[in-house]
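Trainee: I'm new to this one, and I'd like a close look at one spot before I try to take in the rest. Could you start there and then lead me outward?

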Amino acid sequence: MRHRTMPVEEDLFEKLRVELRRGSLVLAVLGALREERYGYTLRTSLEEAGLPIDEGALYPLLRRLEAQGLLTSEWREEARRNKRFYRLTPDGLHVLGQLLAEWNAISESILRLTEGEK
């Protein structure tokens, strides 16, 4: 039995792409926060790396990661403005290492599964 290739609807692809990116953003945010950053510079660095994120998604994610003990934050005045700076906690650094190992294992598995599909 032959399978016909049908074009994937654009909205279906977009939904799947957003779902894939959502999980990836946690890893990207943790990785970017190995260096202390405030929200705007974090958002800019993610965008420059090809992972744009809306403020409406970034700040709730940061609050959740802080509540989970993976980040810490503090308000400081810089250039006469109050800015909230974020950085990884030791637990956050440990979890980042674990997630990177898992990401690499998943990536290798997917590549093995799809190599014969070319």
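Is Ala79 buried or exposed?

Mentor: Ala79 is exposed, because its relative accessibility is 66% and the cut-off for exposed is over 50%. Keep in mind as we go that this is a predicted model.

Let's stay with that spot for a moment. Ala79 sits in the loop that links strand 2 (71-78) with strand 3 (81-88). Look at its backbone: phi is about 55 degrees, a positive value, even though Ala79 is not a glycine. Here's the background that makes this worth a look: most residues other than glycine have a negative phi. Now slide along to Arg80, which also lies in the loop between strand 2 and strand 3. Arg80 isn't a glycine either, and its phi is positive as well, near 65 degrees. Arg80 has a relative accessible area of 80%, so it counts as exposed.

For a contrast, try Gly39, which has its place in helix 2. Gly39 is at 4% relative accessibility, so it counts as buried. Neighbours within four places in sequence aside, Gly39 is in contact with Leu58, Tyr59, Arg84 and Tyr86. To get a feel for distances, pick out Ala101: it is 62 residues from Gly39 along the chain, and their C-alpha atoms are separated by 26 Å.

Helix 2 covers residues 39-48, and Leu46 lies in it too. Leu46 has a relative accessibility of 3%, and therefore it is buried as well. Once you set aside its neighbours within four places in sequence, the contacts of Leu46 are Ala28, Val29, Ala32, Leu51, Pro52, Ile53 and Leu58. Leu113, on the other hand, is 67 residues from Leu46 in sequence, and the two lie 29 Å apart, C-alpha to C-alpha.

You've now met Leu58 twice, as a contact of Gly39 and of Leu46. Leu58 also turns up where helix 1 and helix 3 meet, so let's go there. As a bit of background, two packed helices are described by the angle between their axes and the distance between the axes. Here, helix 1 and helix 3 pack at about 70 degrees, and their axes are 11 Å apart. That angle is why helix 1 counts as roughly perpendicular to helix 3. Helix 1 brings Leu25, Val26, Val29 and Leu30 to the contact, while helix 3 brings Leu58, Leu61, Leu62, Arg64 and Leu65. Sort those residues by class and you get 8 nonpolar, no polar and 1 charged.

Next come the open spaces. Rolling a probe the size of a water molecule over the atoms shows where empty space is left. The largest pocket has a volume of about 310 Å³. Its lining is made of Arg17, Val18, Arg21, Arg22, Leu25, Val26, Pro52, Ile53, Asp54, Ala57, Leu61 and Arg64. Two elements give two or more residues to this lining: helix 1 (10-32) and helix 3 (55-67). Helix 1 has the largest share, with 6 residues. By class, the lining of the largest pocket has 7 nonpolar, no polar and 5 charged residues.

One of those lining residues deserves a stop: Ala57, which lies in helix 3. Ala57 has a relative accessibility of 39%, so it counts as partly exposed. Between Ala57 and Leu16 there are 17 Å, C-alpha to C-alpha, and the pair is 41 residues apart in sequence.

The second largest pocket comes in at about 260 Å³. Around it you'll find Leu20, Gly23, Ser24, Leu27, Leu99, Glu102, Trp103, Ile106, Ser107 and Ile110. Helix 1 contributes at least two residues here, and so does helix 4 (90-115). This time helix 4 gives the most, with 6 residues. The classes in this lining are 6 nonpolar, 3 polar and 1 charged.

One last stop on helix 4, and that's Gln98. Gln98 is at 46% relative accessibility, which means it is partly exposed. Glu19 lies 21 Å from Gln98, C-alpha to C-alpha, with the two 79 residues apart in sequence.

Key: Residues numbered from 1 in each chain as written. Predicted model: local features only at pLDDT ≥ 70, side-chain atom pairs only at ≥ 80, totals over all residues. Heavy atoms only, no water. 1 Å grid on protein atoms, 1.4 Å probe; cavity = no way out; pocket = protein on both sides within 12 Å on 5 of 7 lines; lining within 4 Å. Points joined across faces, edges and corners; volume = space filled by probe spheres on them. Helix = DSSP H or I, 4+ residues; strand = E, 2+ residues; numbered from the N terminus. Nonpolar A, V, L, I, M, F, W, Y, C, P; charged D, E, K, R; others polar. Axes fitted to C-alpha atoms, helices over the stretch in contact; angles between N-to-C directions. Parallel < 35°, antiparallel > 145°, perpendicular 65-115°, else oblique. Contact = heavy atoms within 4.5 Å. Buried < 20%, exposed > 50% of the residue type's maximum accessible area, 1.4 Å probe, protein only.
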